[in-house]
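Subject: Structure handover and notes

Hello,

Please find the structure below. My notes follow it.

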Amino acid sequence: MPPLAGGPHADLDRRDCAEAVSETKKTDADVTTAPDERDILLRVEGLQKHFPIRKGVLQRQVGAVKAVDGIDFEVRKGETLGVVGESGCGKSTMGRVITRLQEPTGGSIHFEGQDITRLNAAGMRPLRRDIQMIFQDPYGSLNPRHTIGGIVSAPFRLQGVEPEGGVKREVQRLLELVGLSPEHYNRYPHEFSGGQRQRIGIARALALKPKLVVADEPVSALDVSIQAQVVNLMDDLQEELGLTYVIIAHDLSVVRHVSDRIAVMYLGKIVELADRTSLYEAPMHPYTKALMSAVPVPDPKRRGAKSERILLRGDVPSPISPPSGCRFHTRCWKATEICKTTEPQLVELRPGQRVACHHPENFADQAPQDTVLLSVAKEAAELVAEEVRAESAKTSAAVAAVAAGSAEETGAEAAGKTADTAEKPEAEVAADVEATGAKTGPGAKTAPAAPLKTGEATTEPETERQDPTDK
Ligand SMILES: Nc1ncnc2c1ncn2[C@@H]1O[C@H](COP(=O)(O)OP(=O)(O)O)[C@@H](O)[C@H]1O
Ligand code: SF4
Ligand SMILES: [Mg+2]
């Protein structure tokens, strides 16, 4: 893929994502130690967003979609907090509520120490400059009837801001900043590719020099070959402009490269929150482990290495009536009776690593008296051999190759190979992944011979859960 029209970031497009990010990321010690209150930009406590379900002529409320159901986290100044989880877990709702595009049902949101939970439109107006959102769909989020100049200058008009040198000059500077040409000022969105449109969306979000940018799946609608370019751009802008990001993604491979810390969401709850290294090297929540094992290994040297993948069965349950106790118990291969009856709290089990699980991975059991697996746990997940992952690894390898500027695998080539996956909606891609598992037939599944241990997924019927410390 040729670089986009000669902006200052064209040279970044081929930089290795991981390398580019590592230059700017904080050290692990920075992110695992408890932050000073002054370092916290946004603090969310017990946040809830329930969408009422109404029926009948009187429109009586008969229930609620509990999209976000009591979450606590903080965003530190200058960091990137990744938020991951399957589709329908409440990630977008969380993003819209913390930016106050939607009203929270409960809990509190503090921005720079100020309680913004119940601020009305007038109260939020000055904060609109500081908190911006980048949306997933670069096609739907730009008004097709407005020129690029009109779109990127909208925040100035809405806020009544007159930048130094005039709006037009500032918009042209912003276009250059995101790697577009100032000449694009009078063009219309349909003249641009998906990646370029997302750059326009980024320019608009940055117009008022925000402090916090919440990006909802900023690259998932883009071709994989373009994803690395946009991720690199965002990372570079963070360094230049001192931005703080909350980046929402269903794809762990995107979040891995950009995040200092990562929150894993499941059915309206945060189930694990940790710094990037801990989360990837020693995930403690079974759901995190399952999500991680679904990430294809992009490094060709490691691709042959023996590893297995945990394929979760079934869909995310309905957020209208989430399962009792631990919401993941209907799909968790470690679920015991206590998981069904008692909701695990998000507690810090290791420095900087918060986990909500009675039987965490790589850690002492939090419910030692409880040893009988639920019958649902026996069927909850299956182990798929490494070979099955080879197909899905291609996509990730393409991203890595493009990011690294590999000569053999140019963007255009990679785009051709992966366009199918990239253009599909999340649900279809997920279905493809399931189908890949199914296609391989029973021969590809490894039925574990040994009894179930913590950290292993199995379809083997099992009645006793072993002591997780017994390794
Ligand atoms: N405006 C709405 N009205 C009713 N339900 C909604 C609304 N927005 C989202 N939901 C529901 O909330 C749940 C979480 O949705 P969402 O936040 O979009 O999840 P994610 O971004 O993780 O895919 C879903 O079940 C979705 O159907
Ligand atoms: S072991 Fe229990 S508490 Fe932990 S994720 Fe599984 S079901 Fe939830
Ligand atoms: Mg979403």
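Two strands count as paired if DSSP finds at least two bridges between them. That matters for the hairpin of β4 and β5, where two residues lie between the strands and E112 takes a positive phi near 50°. β4 and β5 run antiparallel and are joined by two bridges. One of the bridge pairs sets F111 against Q114 in β5. Please keep in mind throughout that this is a predicted model.

Overall make-up

The protein has 471 residues, of which 47% are buried. Its secondary structure amounts to 17 helices and 14 strands. Of the contacts between residues at least 6 apart in sequence, 71% join residues at least 24 apart.

The open sheet

The hairpin belongs to an open sheet of four strands, ordered β2-β1-β4-β5, with antiparallel pairing. Its edges are β2 (60–76) and β5 (114–115), each of which pairs on one side only. Inside the sheet, β1 (residues 40–55) pairs with β4 (residues 106–111) in the antiparallel sense, over five bridges. Two positions show the register: L42 stands opposite F111 in β4, and Q48 has G106 as its bridge partner in β4.

On edge strand β2 I looked at A64. Is A64 buried or exposed? The answer lies in between: A64 is partly exposed because 18 other C-beta atoms lie within 10 Å, whereas a buried residue needs 20 or more and an exposed one has 12 or fewer. Leaving aside neighbours within four places in sequence, A64 is in contact with H50, F51, P52 and I53. With H50, the separation is 14 residues in sequence and 5.7 Å in space, C-alpha to C-alpha.

Strand β3 and its partners

Strand β3 (residues 80–84) is mostly covered, with five of its five residues buried. Both of its faces are covered: T80, G82 and V84 are buried on one side, and L81 and V83 on the other. β3 pairs in the parallel sense with two strands that I checked. With β8 (residues 244–249) there are five bridges, and T80 stands opposite Y245. With β9 (residues 261–266) there are four bridges, and V83 stands opposite A263.

The largest nonpolar core

A263 comes up again in the largest nonpolar core, which has 98 residues. A263 is among those that touch the most other members, together with V152, L174, A203, V264 and I270. Helix α8 (residues 224–241) gives the most to this core, with seven residues. The core draws at least three residues from each of domain 1 (10–271) and domain 2 (291–444).

I270 is worth a look on screen. Not counting residues up to four places away in sequence, I270 touches I71, F73, A263, V264, M265 and L346.

V152, another of the core residues named above, sits in helix α5 (residues 148–159), where I148, I151, V152, S153 and P155 are buried. What covers these buried residues includes α6 (167–177) and α7 (194–206). Just after α5, G160 takes a positive phi of about 65°.

The two ligand shells

Which residues lie around ligand 1? They are F51, V65, A67, G85, S87, G88, C89, G90, K91, S92, T93 and P319. Two elements, β2 and α3 (91–98), give two or more residues to this shell, and α3 gives the most, with three. By class the shell has five nonpolar, six polar and one charged residues. F51 is also among the contacts of A64 described above.

Around ligand 2 there are 13 residues, and the closest are C326, H329, C332, C339 and C357. By class, this shell has eight nonpolar, four polar and one charged residues.

If you want a route through the model, start at the hairpin of β4 and β5, move across the open sheet to β2, and go on to the shell around ligand 1, to which β2 contributes. From there, β3 and its parallel partner β9 take you to A263 and the core. The shell around ligand 2 can be viewed separately, beginning with C326 and H329.

Regards

Technical notes. Residues numbered from 1 in each chain as written. Chains lettered and ligands numbered in written order. Predicted model: local features only at pLDDT ≥ 70, side-chain atom pairs only at ≥ 80, totals over all residues. Near = placed C-beta within 6 Å. Nonpolar A, V, L, I, M, F, W, Y, C, P; charged D, E, K, R; others polar. Contact = placed C-beta atoms within 7 Å. Core = buried A, V, L, I, M, F, W, Y, C linked by C-beta atoms within 7 Å. Domains from an automatic or database assignment.
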